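Colleague: Hey, got a minute to go through this model with me? I'd like to start with the cavities and then move on to the DNA.
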Protein chains: 2
Amino acid sequence: MKTKQDTLYVGSLAKGLRLLRAFDEGHTELSLAELAQRTGLDKSATQRLANTLHVEGMLDKNSVTRRFRPSHAWLQMAYAYYWSDPLIGQAMPKLISLSQDLGETVNLAEISGDHIIYVSRLPCKRTYFAATIIGRRLPALSTSAGRSMLATFPEEERQKAIETWPIIPFTPSTTLDRAQIASSIKESARDGYAISTGQMILNEIGVASPIIGHDGRAFAAVQCSVSAHTWTRERIVADILPKLQDTANAISPAFHAHHAGWD
Amino acid sequence: MKTKQDTLYVGSLAKGLRLLRAFDEGHTELSLAELAQRTGLDKSATQRLANTLHVEGMLDKNSVTRRFRPSHAWLQMAYAYYWSDPLIGQAMPKLISLSQDLGETVNLAEISGDHIIYVSRLPCKRTYFAATIIGRRLPALSTSAGRSMLATFPEEERQKAIETWPIIPFTPSTTLDRAQIASSIKESARDGYAISTGQMILNEIGVASPIIGHDGRAFAAVQCSVSAHTWTRERIVADILPKLQDTANAISPAFHAHHAGWD
DNA sequence: ATTATAAGTATCATAATATGATACGTCAAC
DNA sequence: GTTGACGTATCATATTATGATACTTATAAT
């Protein structure tokens, strides 16, 4: 087995991380054999690595079924993340106010490669489970948050993203036509916000307003998800959007100092 | 250097995890040197491990300051955790209803060794930052959630916990006297809920109602934090507690099937 | 009941891989 | 201009991870 860049790359650590990544929404509890299969590591390696992760408190082990599960340590990592991300501390109180004010679900999303990731979620209504938990990554092109951010990027970069970033048909109404997405983003660049309908789940409307960094590029967005059964595009623009934008604009200025050089 | 249990323990992986754990609320961004210092690993090892974590996307690196930060992957781990914990899916919609109903901050806490950990938080009011984010661990004896859970434990075990579990004076009014805590827990065992005041932060009152597992032991609690400026103990018991208990009781039954053998 | 299959656990000789000492480059402070 | 602190790169050595093998349980099939 060849190493990636030899001497300053520790293979065993990387393999251990493979085990951690084997757990996701479809794989919540894994046996040793499943773990081996999913990681492509052999039985012995899996055994040792899983045991190490267990001993170190990263994996819980059911003593009767012998299966592994993410431990509470996985939540502590989110805790550490929150402190390390300067945006969160700035945004949180404002997001709380906003969600109370609107009475609708408010999210904070950041750009993460060609995806967006929800870093904070304040659910106000019953929704599907995945919409209530943080850390969810979605293709940027299919989300209002992603489009609102992309709209602030330099023309060339934006073009490239629209052409190459991934799109996954989550619902029958997910927009697969990139030209259509391009025009949606163009609108967003003009208006300063983005609205999307039924991209991730049917009858869901998302509105997003970008949070702009020191260089004029958005790196995050405040987003609001509402039901198409109770809201129309017009009422969203009239009732939700102004407050949403106020919030996003109130967060942005704090970052003309911060931020620089993070990849 | 001796190994912990030799052949099924991978030292390099454990060391890598040490690096991850070096990040916390007081250490949000670490240089190579700081990382080495905090982990006790030498310069070379730190270099290699940090580089591996960077390459594998677990650490972001600021190309100008050369410092490391937790990456978005840390949030994805929370995402995976949420799916794997069967409690969350059951509890989330009920917690949302409760927080909307009460208009006050609602938390879901689980027992984690001698601490409690907040696994879900629905902030409704502005509070201090740490109270808004998940993954926070607090000494069980000093929290309403911890006490309400402990109250459901068998006498002997409860006794032992009260004598040995850690207490940290977070505020001047944190109860340090274990006898006092014992009587608080005794009350809780009688009443089925726990109230604490000013344990973690001044002028904060916490109420908690336990979520009981198949064996009669609580493993989680629904908790509500309110300000002592606007609430009295009496009004909490009258207005908040009933709904809190309803919620906790509605969640419990779902677990008389689940759960068994997890350490 | 008996056998077969699969999964978890434990051991061990081998060599591959992590180790940390060393040296070089860069930047800031003095 | 010198010093020191820090990040980076290289390399010979042996420590440490490897994976084949065998043992032990559990579950399913005959």
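Modeller: Sure, let's begin with the second largest cavity: its lining residues divide into six nonpolar, four polar and no charged. For those classes, Ala, Val, Leu, Ile, Met, Phe, Trp, Tyr, Cys and Pro are nonpolar, Asp, Glu, Lys and Arg are charged, and the others, Gly among them, are polar. This is a predicted model, where local features need pLDDT of at least 70, side-chain atom pairs count only at pLDDT 80 or more, and totals for chains, interfaces and linings use all residues. Residues are numbered from 1 along each chain as its sequence is written, chains are lettered from A and ligands numbered from 1 in the order in which they are written, and side-chain values use heavy atoms, with hydrogens and water left out.

Colleague: Which residues line the second largest cavity?
Modeller: From chain A there are Ser99(A), Gln100(A), Leu122(A), Pro123(A) and Cys124(A), and from chain B Ser99(B), Gln100(B), Leu122(B), Pro123(B) and Cys124(B). Helix H5 (86-102) of chain A and helix H5 (86-102) of chain B each give two or more residues to that lining. Helices here are DSSP runs of H or I with at least four residues, strands are runs of E with at least two, and both are numbered from the N terminus.

Colleague: What counts as a cavity, by the way?
Modeller: On a 1 Å grid over the protein atoms alone, it's a set of points where a 1.4 Å probe fits but cannot get out, and lining residues have an atom within 4 Å of a point. Grid points are joined across faces, edges and corners, and the volume is the space filled by probe spheres set on the points.

Colleague: OK, how many cavities of 30 Å³ or more are there?
Modeller: Two. The largest has a volume of about 190 Å³, and the second largest holds about 50 Å³.

Colleague: What sits around the largest one?
Modeller: It is lined by 19 residues, and closest to its centre are Arg121(A), Ile134(A), Tyr82(B), Arg121(B) and Ile134(B). By class, that lining has 13 nonpolar, four polar and two charged residues. S4(A) gives the most to it, with four residues.

Colleague: Switching to the DNA. Which residues come nearest to strand C?
Modeller: Gly11(A), Ala33(A), Arg66(A), Lys15(B) and Arg48(B), out of 19 residues around DNA strand C. A residue is near a strand if one of its heavy atoms lies within 4 Å of it. Sugar and phosphate make up 58% of the atoms of DNA strand C that come within 4 Å of the protein.

Colleague: Where does Lys15(B) touch strand C?
Modeller: An N or O atom in the side chain of Lys15(B) is 2.7 Å from a phosphate oxygen of DNA strand C. Gly11(A) uses a polar backbone atom instead, 2.9 Å from a phosphate oxygen of that strand. Lys61(A) has a polar side-chain atom 3.2 Å from a phosphate oxygen of DNA strand C.

Colleague: And which element supplies the largest share of the surface near strand C?
Modeller: H3(B), with three residues.

Colleague: What about strand D, which residues are closest there?
Modeller: Lys15(A), Asp42(A), Arg48(A), Gly11(B) and Arg66(B), among 18 residues that surround DNA strand D. Lys15(A) puts a polar side-chain atom 2.6 Å from a phosphate oxygen of DNA strand D, while for Arg66(B) the distance from a polar side-chain atom to a phosphate oxygen is 2.7 Å.

Colleague: Which element gives the most on that side?
Modeller: H3(A) does, with three residues of the surface near DNA strand D. By class, that surface has four nonpolar, seven polar and seven charged residues.

Note on methods
A polar contact is a pair of N or O atoms within 3.5 Å; within protein, one must be able to donate a hydrogen and the other to accept it, and residues adjacent in sequence count only if both atoms are side-chain atoms. On a 1 Å grid over the protein atoms alone, a cavity is a set of points where a 1.4 Å probe fits but cannot get out, and a pocket is an open set with protein on both sides within 12 Å along at least five of seven lines; lining residues have an atom within 4 Å of a point.
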